[in-house]
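This briefing is intended for a reader who is meeting the structure for the first time. Please consult the sequence and the model alongside the text.

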Amino acid sequence: MILAQITDLHVRSPKVPAIYPFDINALLRKAVGTLGAFEPKPDAVIVTGDLVDCGREDEYGLLLEILKPIQVPVYLIPGNHDERETFRKVLRPHHAYLPKEGFLQYVVEDHPLRLVALDTTVAGSDGGMLCEARLDWLEARLNEAKDRPTVVFMHHPPIRTWMPEMDSLRCVNGDKLRALLRGHPQVQRVTCGHVHRPVQVHWEHAIVNVAPSAVHQLHLDFTPEQLVRYTLEPAGFHVHLWDAEEGIITHMAHVGDFPGPFDFHTTARADHRGELR
């Protein structure tokens with residue numbers, strides 16, 4: 001199975017004054033184009049939060065239009081920039097797996113990997129958490145299929161990244177999630193967004209990974225008390241391949257057009273014969 005992960009799209013309404021010196025929606029269109037050209041095509045795409053920038057109804061409508069070229073199942077969860085009820089109102093008619101009420105979390109059983117989506121958003125806060133109700137829901141879902149390889153996806157990472165401001169806005173009770181997962185070795189990956197950078201941590205029997213933003217990144221800086229700054233480093237997304245013997249293998253895919261690919265073997269043969277010297 002091939003599972004693509006895009007995150008932190010931040011679709012912004014043209015009716016709202018721009019805050020970036022670049023066209024964020026155009027960058028997302030480019031990311032969707034790169035994803036659409038990927039071969040072989042993924043079996044599914046997960047979008048791990050911050051779908052829009054201001055939680056506006058027209059932003060979610062624009063999001064649907066931008067994502068429309070993706071021809072495989074797409075599974076969405078909210079982030080701190082999303083507004084839960086507006087998200088549900090606009091997106092659920094097109095994404096029937098979203099629950100009619102309560103937290104926007106669900107299970108997808110249609111693929112070799114079982115996908116468990118968590119809603120870590122807290123109204124009025126940029127940080128995240130998993131309350132007891134959400135943790136109880138997760139434990140019940142994991143108990144249903146202990147023999148199925150599983151990916152848990154959420155917006156806020158449950159780990160420290162050593163980027164000070166982002167760590168203050170992580171999933172604050174990640175320790176409770178970690179304790180819960182100790183009893184569920186079928187969970188091979190916990191995959192997140194929010195940090196706008198690729199990050200990986202070995203966590204018990206699983207890997208916690210954070211995907212880069214599909215539009216813009218945050219500057220890598222471990223300086224204490226440093227506030228976040230954005231950078232136009234190449235955007236990207238993660239491609240997770242699942243194999244029954246190897247488990248999950250994750251690759252980083254950059255967004256954009258780059259020189260190549262070049263035939264390395266032809267060049268290497270010419271170099272071996274001395275033709276390039």
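The points below cover the central sheet, the helices packed on it, selected residues and salt bridges.

This is a predicted model, in which local features need pLDDT of at least 70 and side-chain atom pairs count only at pLDDT 80 or more, while totals for chains, interfaces and linings use all residues. Residues are numbered from 1 along each chain as its sequence is written, and side-chain values use heavy atoms, with hydrogens and water left out.

**The sheet**

- Helices (H or I, at least four residues) and strands (E, at least two) are DSSP runs numbered from the N terminus.
- An open sheet of 6 strands follows the order E4-E5-E6-E7-E9-E8, and its pairing is mixed.
- Strand E4 (106–108) and strand E8 (199–203) are the edge strands, each of which pairs on one side only; two strands pair if DSSP finds at least two bridges between them.
- On average, neighbouring strands of this sheet are turned by 20° against each other, direction ignored.
- Strand E5 (residues 114–117) and strand E6 (residues 150–153) run parallel and are joined by 4 bridges.
- Ala-117 has Phe-153 of E6 standing opposite.

**Helices on the sheet**

- Helix H4 (residues 132–143) lies across E4, E5, E6 and E7 and runs at about 170° to E5.
- Helix H6 also packs on the sheet, where H6 touches E7 and E8 and makes an angle of about 50° with the direction of E8.
- For these angles, axes are lines fitted to C-alpha atoms, for helices over the stretch in contact, and the angles run from 0 to 180 degrees between N-to-C directions.

**A buried histidine and a surface patch**

- His-184 is found in the loop between helix H6 (174–181) and strand E7 (187–192).
- Why is His-184 classed as buried? Its relative accessible area is 3%, and buried means under 20%, exposed over 50% and partly exposed in between (1.4 Å probe, protein chains only).
- Apart from neighbours within four places in sequence, His-184 is in contact (heavy atoms within 4.5 Å) with Glu-139, Leu-142, Asn-143, Lys-146 and His-205.
- Trp-162, in the loop between E6 and helix H5 (164–168), is exposed, with a relative accessible area of 54%.

**Salt bridges**

- A salt bridge is a side-chain nitrogen of Lys or Arg within 4 Å of a carboxyl oxygen of Asp or Glu, and by this rule the count comes to 17.
- Arg-12 and Asp-53 form one of them, with their closest N and O atoms 2.5 Å apart. The pair links distant parts of the chain, 41 residues apart: Arg-12 is in the loop between strand E1 (2–6) and helix H1 (24–36), and Asp-53 is in the loop between strand E2 (44–48) and helix H2 (57–67). Both residues are buried.
- Asp-119 forms a salt bridge with Arg-134, the closest N and O atoms being 4.0 Å apart. Asp-119 lies in the loop between E5 and H4, whereas Arg-134 belongs to helix H4, 15 residues apart in the chain. Asp-119 and Arg-134 are buried.
- Lys-176 and Glu-132 meet through their side chains in a salt bridge (2.9 Å, N to O). This pair connects helix H6, which holds Lys-176, with helix H4, which holds Glu-132, 44 residues apart. Lys-176 is partly exposed at 42% relative accessible area, and Glu-132 is partly exposed at 44%.
- Glu-109, Arg-114, Arg-141, Glu-144 and Arg-148 are joined into one network by salt bridges that share partners.
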